Structure formats: C-alpha cells, structure tokens
Amino acid sequence: MITEKSFIVPIYDFKVEVAVFDNLEEAHRKFSDFMDKGTKACTVEYPDSRVKVIVPSYRYAYMVHEIEHIKNIIWKVKGYKYQEDNDEVDAYLLEYLYDRIDKIIRKHLASQC
C-alpha cells in the first residue's frame, strides 16, 4: 500500500508531497521515474516550489535523511543562506517537516489495522 498526501510549509509557501510505502518493490514500480532498484527513499525537486518525498513506513532514519534534502531545497528556492552561528531557523524547519511527515506515516500505518 502507498499513501500519498501533501502539505504546504506555511511561512515559505512551499508544497511538500509525501508518498509513504510499505513494499519497496511496489514503490519502485509506481515511482520508477525517480527510484531505481538501489533506491530506498528519495526526494524529487520540481521547478515550481515543491518537492515529492518518497519514504518507507518502516524506517524513520530514511525519513530524517530525506527531510535534510527538503530543507536544503527550500533554502535554495527561497535564497536563504545557512548561518553557522544561528541554526534555529534550520532546527525549526526540520522539526516542522518531521512532525508533518511523521503524522502522515502514522496515519498510513493506522489505516492498515
């Protein structure tokens, strides 16, 4: 089963499309344009201020890895430069992305019960 949801990161007006999967082969079939056989999760950047993140329901470490990519894409699109002496902006964005994607994964898992 694959669950697809999206949300807007409010302050940055940036769309994040999320696809959560249970079966890697099913994800490879559905998202063959983005995932080859060795890919276990991925983030796809689109030219119109949005990304698609494809993550498994069973391995949160992959989600965290992809969230770093999402954050960097948002910063690139918005023209923000990372500040070594003040990483609060990064931390808040990472926290927000984690919470939103975590909720989607939890709903995905709950729908299987």
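Asp85 is exposed in this predicted model, and its relative accessible area comes to 74%. You'll find Asp85 in the loop that runs between helix 2 (60-78) and helix 3 (88-110). It has company there: Glu84, Asp85, Asp87 and Glu88 come together on the surface as a patch of negative charge.

Now for the aromatics. Searching the whole structure turns up 5 aromatic pairs. One of them is Tyr12 with Trp75: the ring centres sit 5.2 Å apart and the planes meet at 80°, so this pair is edge-to-face, given that anything over 60 degrees gets that label. The pair joins distant parts of the chain, with Tyr12 in the loop between strand 1 (2-9) and strand 2 (14-21) and Trp75 in helix 2, 63 residues apart. Trp75 counts as buried because its relative accessibility is 5%, and the cut-off for buried is under 20%. Tyr80 joins in as well, since ring pairs link Tyr12, Trp75 and Tyr80 into a cluster.

Another pair is Tyr60 with Tyr98, and this one is tilted, with 6.2 Å from centre to centre and 55° between the planes. Tyr60 belongs to helix 2 and Tyr98 to helix 3, so the pair ties together parts of the chain that are 38 residues apart in sequence. How buried or exposed are Tyr60 and Tyr98? Tyr60 is partly exposed at 24% relative accessibility, and Tyr98 is partly exposed too, with a relative accessible area of 32%. Both get that label because they fall between the 20% and 50% cut-offs.

Technical notes: Residues are numbered from 1 along each chain as its sequence is written. This is a predicted model: local features need pLDDT of at least 70, side-chain atom pairs count only at pLDDT 80 or more; totals for chains, interfaces and linings use all residues. Side-chain values use heavy atoms; hydrogens and water are left out. Patches are made of residues with over 30% relative accessible area and no salt bridge: like charges are joined within 9 Å, nonpolar side chains (Val, Leu, Ile, Met, Phe, Trp, Tyr) within 5 Å. Accessible areas come from the Shrake-Rupley method with a 1.4 Å probe; for residues, only the protein chains shown count as cover. A salt bridge is a side-chain nitrogen of Lys or Arg within 4 Å of a carboxyl oxygen of Asp or Glu. Lys and Arg count as positive and Asp and Glu as negative; His and the chain ends are not counted. The place of a charge is taken as NZ of Lys, CZ of Arg, CG of Asp or CD of Glu. Helices (H or I, at least four residues) and strands (E, at least two) are DSSP runs, numbered from the N terminus. Buried means under 20% relative accessible area, exposed over 50%, partly exposed in between (1.4 Å probe, protein chains only). Rings of Phe, Tyr and Trp (its six-membered ring) pair if their centres lie within 6.5 Å; planes under 30 degrees apart count as stacked, over 60 as edge-to-face and the rest as tilted.
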